[in-house]
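Student: Please choose one part of this structure and go through it closely, residue by residue. Then set that part against the rest of the structure.

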Amino acid sequence: MSSTDTSTATSTAPQEAVTDYILAQEQKDQLRFLTCGSVDDGKSTLIGRLLFDTKLIFEDQLASLEKDSRKHGTVGEDIDLALLVDGLEAEREQGITIDVAYRFFATDKRKFIVADTPGHEQYTRNMATGASTADLAVLLVDARHGLMVQTRRHAFIASLLGIRHVVLAVNKIDLVDFSEERFNEIKSDFETFAAGFDFESLEAIPMSARYGDNVTGRGEKMGWYNGPTLLEHLEGVQIGEHELAQPFRLPVQWVNRPNLDFRGYSGTIAAGSVQVGDELVVSASGKTSKVDQILTPQGEAPLARAGEAVTITLEDEIDISRGDLLAAAGSRPDVADQMAAHLIWMAEDALMPGRSYIMKMGAKTVTATVTEIKHKINVNSFEHVAGKQLELNEIAFCNLALAAPVAFDPYEANRTTGSFILIDRVTNATVGAGMVWFALRRATNIHWQALEVDKTARADSLGQKPAVLWFTGLSGSGKSTIASIVEKKLHLEGRHTYTLDGDNVRHGLNKDLGFTDVDRVENIRRVGEVARLFADAGLITLVSFISPFRSERQMAREQLPQGEFIEVFVDTPLEECKKRDPKGLYAKAEAGEIKHFTGISSPYEAPENPELRLENVGKDPEDVAEEVIKYLRENGYLLAPNAGG
Amino acid sequence: MDITATGLTAERLSNLRRLEAESIHIIREVAAEFRNPVMLYSIGKDSGVMLHLAMKAFYPSKPPFPLLHVDTTWKFRDMITFRDETAKRLGLDLLVHTNPEGLEKGIGPFSHGSSVHTHIMKTEALKQALDKYGFDAAFGGARRDEEKSRAKERVFSFRNASHGWDPKNQRPELWNVYNARVAKGESIRAFPLSNWTELDIWQYILTEDIPMVPLYLAAKRPVVERDGMLMMVDDERMEIQPGEEVMEKMVRFRTLGCYPLTGAIESDADTLEAIVKEMLIARTSERSGRLIDHDDSASMEKKKREGYF
């Protein structure tokens with residue numbers, strides 16, 4: 001128990017006891033945890049209680065606390081423990097915790113760093129800040145009220161920020177007569193709810209922070225409770241080093257060059273471990289070398305591991321600078337200039353897609369733009385909602401485009417190499433925090449196998465210029481019908497073609513994907529990639545996909561060289577499509593039987609500058625298809641006529 | 001539902017190693033991001049640890065920034081000796097600044113009181129020095145466990161062009177990603193020891209055998225009792241008032257500042273081990289020996305808004 005820290009080592013403690021103590025201190029580990037809950041849940045009182053009971057409050061602080069309790073306190077004559085932790089003057093006056101405050105206490109087993117964060121929705125950003133470095137979260141609920149909207153929010157944010165261990169502190173149990181039944185009810189509610197999150201451990205503890213029951217000492221009135229006290233749990237919970245199991249990553253912070261004979265790369269190991277002789281790759285350039293020397297704070301070492309601040313030298317002189325990521329050559333990170341990420345907005349001025357911000361990711365700084373807000377997430381109901389901009393404290397799933405490719409990992413795999421902040425270019429304020437979900441488009445500057453027979457050679461032998469005809473439009477607009485006729489006409493001319501149809505692709509290549517926004521992005525990404533390969537083979541490829549989002553079409557366009565992507569907008573009004581409804585889908589969508597249906601419950605973003613815009617209402621599809629052929633001919637895609645025609 | 005198996009056998013980094021790595025990361029980040037950083041060196045134990053970490057951060061190179069000491073002229077004489085020896089031993093560039101106007105007016109804690117003295121000879125002097133050399137970042141050895149307003153301060157603490165801190169408008173700080181961007185005239189105070197406690201500091205000094213000013217260790221020293229504090233008679237500027245008596249006592253200091261503002265504690269702890277042992281039974285916080293924190297309970301927050309470290 002905690003109190004031994006200060007009380008058993010009395011002034012008469014023998015020298016060996018002190019020496020043992022000092023040795024134990026050196027072995028002691030550290031647990032960083034976050035407390036979240038509102039003032040009313042007794043959060044500050046709980047932390048005050050932990051500090052008080054572990055004797056971390058000194059006499060002079062206690063005297064000052066008594067003085068403050070009379071001035072601002074809310075518990076009458078008792079010492080208000082909450083005042084101990086509410087640091088800033090303004091907060092004490094208003095009786096609310098505004099910012100994140102860090103507290104420290106220790107027991108024989110561990111040193112604890114507590115991030116004390118406010119619980120109200122308008123302080124989501126503060127909670128996210130506290131959560132970003134925490135190993136565990138203590139979520140407070142008031143036993144009288146049970147799970148509240150804010151409890152759900154806190155669990156969600158903790159999970160989003162990668163916290164894997166949770167304690168549900170069912171506080172104020174004294175106010176429900178120390179009821180076991182009430183506790184079990186809340187515990188069970190929470191377990192049901194939290195099953196959807198990926199928590200490694202979840203411990204519910206009934207307690208009274210004000211009187212100290214089950215915080216550090218056992219509650220006498222809760223004989224029915226056999227679990228650990230909060231402090232016992234915090235001392236004992238196993239926090240696996242997730243990062244250690246991952247492949248080696250070292251973001252280079254500093255190039256150490258004292259003289260011509262030494263060139264070291266300094267940084268904090270973000271994942272895995274490294275040994276002298278290991279082969280590392282510089283992610284951006286793809287160059288590799290072997291580890292020659294490892295310098296740790298304790299001197300030269302044969303091995304170093306996640307969390308250590310090291311300087312590494314390599315066997316070969318290769319170009320490495322601040323912001324590069326050194327990685328295990330056998331297990332490389334993503335290198336991309338487009339990514340999908342969760343973003344928490346932290347500024348009064350809303351996030352605007354298209355506006356450019358400074359992104360800082362590890363030691364790398366790059367210009368970044370949110371190309372699209374895929375959806376916002378309601379932090380209370382977790383519903384996905386559409387939005388054109390992101391306001392203070394809102395969270396969204398976004399696509400970002402960067403000015404240059406950057407090496408990273410998904411946040412899920414690594415909290416260091418998968419996280420970033422966004423900085424306003426004008427005010428220099430930190431305006432957003434991001435967690436990478438996946439790379440949207442891998443950079444093209446790494447490891448292309450150079451081939452003898454190239455694209456031009458293949459296309460020339462076919463007598464055509466490769467192209468991707470990307471038909472976009474609402475369901476029922478006639479995309480597939482027109483594409484099919486175009487292909488038939490090209491075929492008759494002896495051209496080499498292939499059609500990728502939305503429905504058909506979903507039966508095979510993309511049968512693992514659903515219709516969520518994430519899956520839609522991936523669906524289009526794969527189709528774009530296949531179209532690119534077919535174009536590389538010299539084919540005229542026809543893609544017939546609703547592809548409702550501008551950014552995905554843009555993504556597909558950017559995968560191809562200039563001039564090879566031909567966006568064909570089949571511009572049939574929604575009313576007309578509904579009337580046609582060849583598959584009966586509109587009727588179902590309007591009846592609510594199909595979710596995320598483009599045009600009904602999901603937006604269709606019409607192309608702004610398509611290469612071709614086709615209107616087909618009241619027209620013969622043959623004539624409309626002929627417009628496409630004409631475009632191809634006039635723009636030099638169909639070279640010398642081959643056979644037939 | 002408590003799932004504890006992780007499949008990992010490797011031990012976690014210990015508390016001290018984790019703190020050490022975090023501090024080195026912060027120090028490197030400042031050196032890499034800023035045009036002209038400086039390390040505030042106040043000669044105390046925290047500064048000593050911070051400097052030790054800086055030496056490790058850039059080894060085998062030297063830290064790529066100078067040290068700055070704001071000398072109020074009222075520091076213990078032992079501190080000044082130790083300061084000059086340290087800079088020489090490590091081969092570092094040491095800048096010393098004293099507020100010339102304060103010096104001219106003869107500002108001192110005895111004649112002007114702790115509040116005026118601290119404001120002119122520390123806060124104002126620090127601002128002068130930062131402006132004079134155009135530093136855009138300054139390392140400080142402050143810890144979050146020292147005092148309530150520090151508990152909320154960022155590792156990279158933004159200061160406006162007049163060096164003021166705005167506690168309500170701090171930049172969010174996530175993971176170990178630090179926003180180092182400032183406009184001309186603005187600056188960052190960086191606190192690599194934010195997450196260390198007083199016990200961690202002593203533990204580390206002991207483990208790493210870091211040289212410290214002898215004043216931290218108990219010895220017989222001449223002191224008088226004044227305002228409930230044991231004040232050391234460090235030089236002839238201290239006037240012994242009627243009713244006061246200079247006593248030789250075994251004393252040491254938990255923090256070091258200007259000698260008339262820093263109370264000694266009676267102690268027999270004359271080794272580092274003994275200090276750690278004494279800390280186990282300590283019942284007062286280390287800043288209680290500092291006169292300047294006593295003005296009222298929010299005094300540190302006020303000083304920080306004005307540009308104090």
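Tutor: What follows starts from the positions annotated in the record for chain A and then moves on to the largest cavity and a helix of chain B.

The model is predicted. Chain A holds 17 helices and 28 strands. Of its 645 residues, 57% are buried. Among contacts in chain A between residues at least 6 apart in sequence, 72% join residues at least 24 apart.

The part chosen is the pair of annotated sites. An unreviewed UniProt entry lists a "binding site" at G473(A), L474(A), S475(A), G476(A), S477(A), G478(A), K479(A) and S480(A). In an unreviewed entry, UniProt also places an "active site" at S547(A).

Two residues of the binding-site stretch can be described in more detail. S475(A) sits in the loop that connects β24 (467-472) to α11 (479-492) of chain A. G478(A) is in the loop between β24 and α11 as well. K479(A) and S480(A), also in the record's list, fall within the range of α11.

S475(A) has a relative accessible area of 11%. The limit for buried is under 20%, so S475(A) is classed as buried. G478(A), at 16%, is also counted as buried. With residues up to four places away in sequence left out, S475(A) touches I546(A), C577(A), L585(A), Y586(A) and F597(A). With neighbours within four places set aside, the contacts of G478(A) are V570(A), R580(A) and N616(A).

The active-site position comes next. S547(A) belongs to the loop between β26 (540-544) and α14 (550-558) of chain A. Its relative accessibility is 3%, so S547(A) counts as buried. Not counting residues up to four places away in sequence, S547(A) touches W470(A), T472(A), I524(A), R553(A) and Y604(A). Of these, W470(A) and T472(A) fall within the range of β24, the strand that leads into the binding-site loop. R553(A) falls within the range of α14. The backbone at S547(A) also has a point to check: phi is near 30 degrees, a positive value in a residue other than glycine.

A second residue in chain A has this kind of backbone. N428(A) is not a glycine, yet its phi is positive, at about 65 degrees. N428(A) lies in the loop between β22 (419-423) and β23 (430-442) of chain A. Its relative accessibility is 7%, and N428(A) therefore counts as buried.

Now for the rest of the structure, starting with its empty space. A search of the whole structure finds 10 cavities of 30 Å³ or more. The largest cavity has a volume of about 1100 Å³. Its lining comprises 47 residues, and those nearest its centre are S132(A), T133(A), T416(A), R18(B) and N176(B). The lining thus draws on chains A and B, because the residues named nearest the centre carry both letters. By type, the lining divides into 16 nonpolar, 16 polar and 15 charged residues. Elements that each supply at least two lining residues are α6 (124-132) and β9 (262-268) of chain A and α1 (15-33) of chain B. The most comes from α1(B), with five residues.

Chain B also brings in E208(B), which is in helix α6 (residues 198-208) of that chain. E208(B) counts as buried, at 18% relative accessibility. Leaving aside neighbours within four places in sequence, E208(B) is in contact with Q298(A), R17(B), E20(B), H52(B) and K56(B). Among these, R17(B) and E20(B) are within the range of α1(B), while H52(B) and K56(B) are within that of α2(B).

Helix α2(B) spans residues 45-58. Its 14 residues reach 21 Å from the first C-alpha to the last, close to the 20 Å expected at 1.5 Å a residue. Because 12 of its 14 residues are buried, α2(B) is largely enclosed by the rest of the structure. The buried set includes K45(B), D46(B), K56(B) and F58(B). After the helix, P60(B) lies in the loop between α2 and β2 (67-70) of chain B. The peptide bond from Y59(B) to P60(B) is cis, with omega near 5 degrees.

Technical notes: Residues are numbered from 1 along each chain as its sequence is written. Chains are lettered from A and ligands numbered from 1 in the order in which they are written. This is a predicted model: local features need pLDDT of at least 70, side-chain atom pairs count only at pLDDT 80 or more; totals for chains, interfaces and linings use all residues. Side-chain values use heavy atoms; hydrogens and water are left out. On a 1 Å grid over the protein atoms alone, a cavity is a set of points where a 1.4 Å probe fits but cannot get out, and a pocket is an open set with protein on both sides within 12 Å along at least five of seven lines; lining residues have an atom within 4 Å of a point. Grid points are joined across faces, edges and corners, and a volume is the space filled by probe spheres set on the points. Helices (H or I, at least four residues) and strands (E, at least two) are DSSP runs, numbered from the N terminus. Ala, Val, Leu, Ile, Met, Phe, Trp, Tyr, Cys and Pro count as nonpolar, Asp, Glu, Lys and Arg as charged, and the others, Gly among them, as polar. UniProt positions are given in the numbering used here, feature names are shortened, and annotations may be inferred rather than shown by experiment. Buried means under 20% relative accessible area, exposed over 50%, partly exposed in between (1.4 Å probe, protein chains only). Contact means heavy atoms within 4.5 Å. The expected span of a helix is 1.5 Å times one less than its number of residues.
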